Amino acid sequence: MSEQASSTIDPVLTAVIANRIDGVVREMTNTLLRAGRSAVINSARDFSCAIVTGDSQLLACAEGLPIHIFGVHNQARTMAEYHADLAEGDAFLHNDPYSGNTHPADHCFLVPVFFEGEHLFTAAAKAHQADIGNSIPTTYHAGAKDVYEEGSLIFPAVRIQRNYEMIDDVIRMCRSRIRVPGQWYGDFLAGIGAARVAERRLKELCAKYGKEIIKTFIRDWLDYSEQRMIHGIRKMPKAKLVNTGRHDPFEPLLPDGIPLKVEIEIDPQNAAITIDLRDNIDNIDCGFNESEACTVSAVMAGVFNSLDPEIPRNSGSFRRVKMLMREGAVVGKPKFPHSCSVATTNVADRLVNCTGAAFAQLGDGYGLAEGGVGMGVAFAVVSGKDHRYDDSPYVNQLIIANNGGPASACADGWLTYGLPVVGGLMYRDSVEIDELKHPMEFKHMRLVAGSGGAGRFRGAPGCDIAFGPKEHPITVIYPCDGQHFGAKGVRGGAGGTCAEGWHISANGLETKLPNVTQIEIKKGEQIRGLDSSGAGYGDPMQRDPRRVLHDVIEKWETPQRARELYGVVFSGSIDDESLAVDVAATTALRDGRTAEPATAE
Amino acid sequence: MMLLAAEPAIDPVVTAVIANRIDGIVREMTNTLLRAARSAVISSARDFSCGICTADNQLLACVEGLPIHIFGVHEQARAMTTAHPRDFTSFRSSRTPGKSCTIGACAHGCDPQITACKLGLGTLL
């Protein structure tokens, strides 16, 4: 803020305004969800909204996806730096991973909000596009050796509206270079619309309370958030944690995968957490490099997953987390022109896991296990021609995977977790809607019983899914992780199962596919995929037998695993609904096996 | 096609003089680009062409422009005027008394001519 805010306001008023601003973010979110044209936006909610202050601090992000939104204030800063003539009525498009964005597929719409001539806020709506004009029909180009091979149109905070009027040049550029341009244009209008809704509401808010109170609120709210963070960190023990992770191989470039290392220093006395990421490999000649925004967001998500969930996520609480990054590293600040095409998911997912699980080293009750990773068959970008509409082209990302969530010290993994970077906040597609929108047919979708990593609290199981085209061939592209290295358990919890993918020929022959796949599926053929599952927390032998019983009745667990991994013996049977825990036999079995560590995969 | 009724025919000599003068402008464009360009494909190999189109998008002159570049360049001028209807007034209306000629901002002076040139860039992204 340019001017000093006045003395503190009533804490109740601070809470009221903070909730009102979250309400504005939710109204933006609903606008975009209802107005978006592509399924990845209007069904899967692969987008996030936020309010940033005039001096480029993240103020509120409500249910924004962690990976999208924790760095969005840096894009607002880029906008202000590039445009000295910033004015009311402007809107900007930003998707440049080298000046603050996550990856090029996330089009971020930025609207500076002015009140009484002062730039008080920036409204940000960031949506993953169905297509961005990449050299192949996917928004995740794993094989792109640089930004040129990736092929996306890049907009480094480019003005798209002036004085509330559209700058048609940019629209023409996109229409000339993005697949299914009408779909893109609908999402473009929805994105601007969401940001404009926020502008209107924030002006109403300013008119109601006056500029001075709003400025005082901004200062107080960020300071309060910092205080909450200080209290959260002070409750932790002083420690230096080191954790490692590894992304799957990507043949032939990365036969050993991508190793990751996160070093965390917790300093309760100064209420600070320092994350050192500098000991990581250099940028690689493919699309798996992290943008700075994704590095920061993924690590921040891992940190927040290990803290009191009530701590507001904004620039105030971020003040207590220091990140040490190296330029030209695969996680950190990318060196141009290395591609960040897949920055929001794969390596970022591993970073969320690696950071969150590190905190479990502090002792029982801290941190969480690793969640299921991998954008496999059920996260593929599908494209082709639609025989129902004069063979018109379609392209869209399916968001119908679940990838089991990780167990924590007090809860089982969330079933429809999605990915570590979205933490269950995205929606899943509906099979019926996907079949209506695209000429495809789902053959089956079912949970895999017993796939969740065992533990005192267990990871959520993964899903088994298969689909194929109705008429013309369908191009399926995905950059899956978690097919070689599954999610790891913590504090004695077991790891999750790996993802897999198969091509099924017309005569039913299943052929295993590599983890990074581009394939054309013809009529009569199918593609089948397994999601990975979440890992467990704590010794499975300590799991409440009643929870194991419930899991078996619901077919989330198998009776065999109940006995072997959890040491739970049942009497009766599922068939006549008489299944019950045999307490004496269970106690005897568990007493005899407490010495054995749980290592089941 | 020129919609504006031309003035009575001028002296053929004047016609030839102006035609050569316009070719001279194209050559001056060409030399400017050749001397100012940074990439070798432009500054050494001259993989570019210049042309002058009329305001109603007919190719008027292209001297030593490469045939593949330049014989259709008036279609791009047409795309420009079509894409920016509010910024470009037509040749006819620009001559209408009382209406200003807004193309002057893009072309040279207030001459109702539109210049266009084509480049083979060193790296096509």
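**Figure 1. Contacts along the fold of chain A.** Among the contacts in chain A that link residues at least 6 apart in sequence, 71% bring together residues at least 24 apart. The view shows a predicted model, in which the secondary structure of chain A amounts to 15 helices and 22 strands.

**Figure 2. Overall dimensions of chain A.** Measured out along its principal axes, the C-alpha trace of chain A spans about 75 × 65 × 45 Å. A compact globule of 601 residues would have a radius of gyration near 25 Å, and the value for chain A, 24 Å, agrees with this.

**Figure 3. Interior and surface of chain A.** Of the 601 residues in chain A, 62% are buried, while the area that chain A exposes comes to about 22,000 Å², with 51% of it supplied by carbon and sulfur atoms.

**Figure 4. Charged side chains of chain A.** Chain A carries 61 positive and 77 negative side chains, and the centre of the positive set lies 2 Å from the centre of the negative set.

**Figure 5. The contact between chain A and chain B.** Five residues from chain A and four residues from chain B take part in the contact. The size of an interface is often expressed as the accessible area that is lost when the parts come together. Between chain A and chain B the buried area is about 330 Å², and carbon and sulfur atoms give 43% of it. On the side of chain A, Y148(A), E165(A) and R172(A) together supply 68% of the area buried against chain B, which is more than any other three residues supply.

Technical notes
Residues are numbered from 1 along each chain as its sequence is written. Chains are lettered from A and ligands numbered from 1 in the order in which they are written. This is a predicted model: local features need pLDDT of at least 70, side-chain atom pairs count only at pLDDT 80 or more; totals for chains, interfaces and linings use all residues. Side-chain values use heavy atoms; hydrogens and water are left out. Helices (H or I, at least four residues) and strands (E, at least two) are DSSP runs, numbered from the N terminus. The radius of gyration is taken over C-alpha atoms; the globule rule is 2.2 Å times the number of residues to the power 0.38. Buried means under 20% relative accessible area, exposed over 50%, partly exposed in between (1.4 Å probe, protein chains only). Contact means heavy atoms within 4.5 Å. Accessible areas come from the Shrake-Rupley method with a 1.4 Å probe; for residues, only the protein chains shown count as cover. Lys and Arg count as positive and Asp and Glu as negative; His and the chain ends are not counted. The place of a charge is taken as NZ of Lys, CZ of Arg, CG of Asp or CD of Glu. Buried area is the accessible area (1.4 Å probe) that two parts lose on being put together, summed over both.
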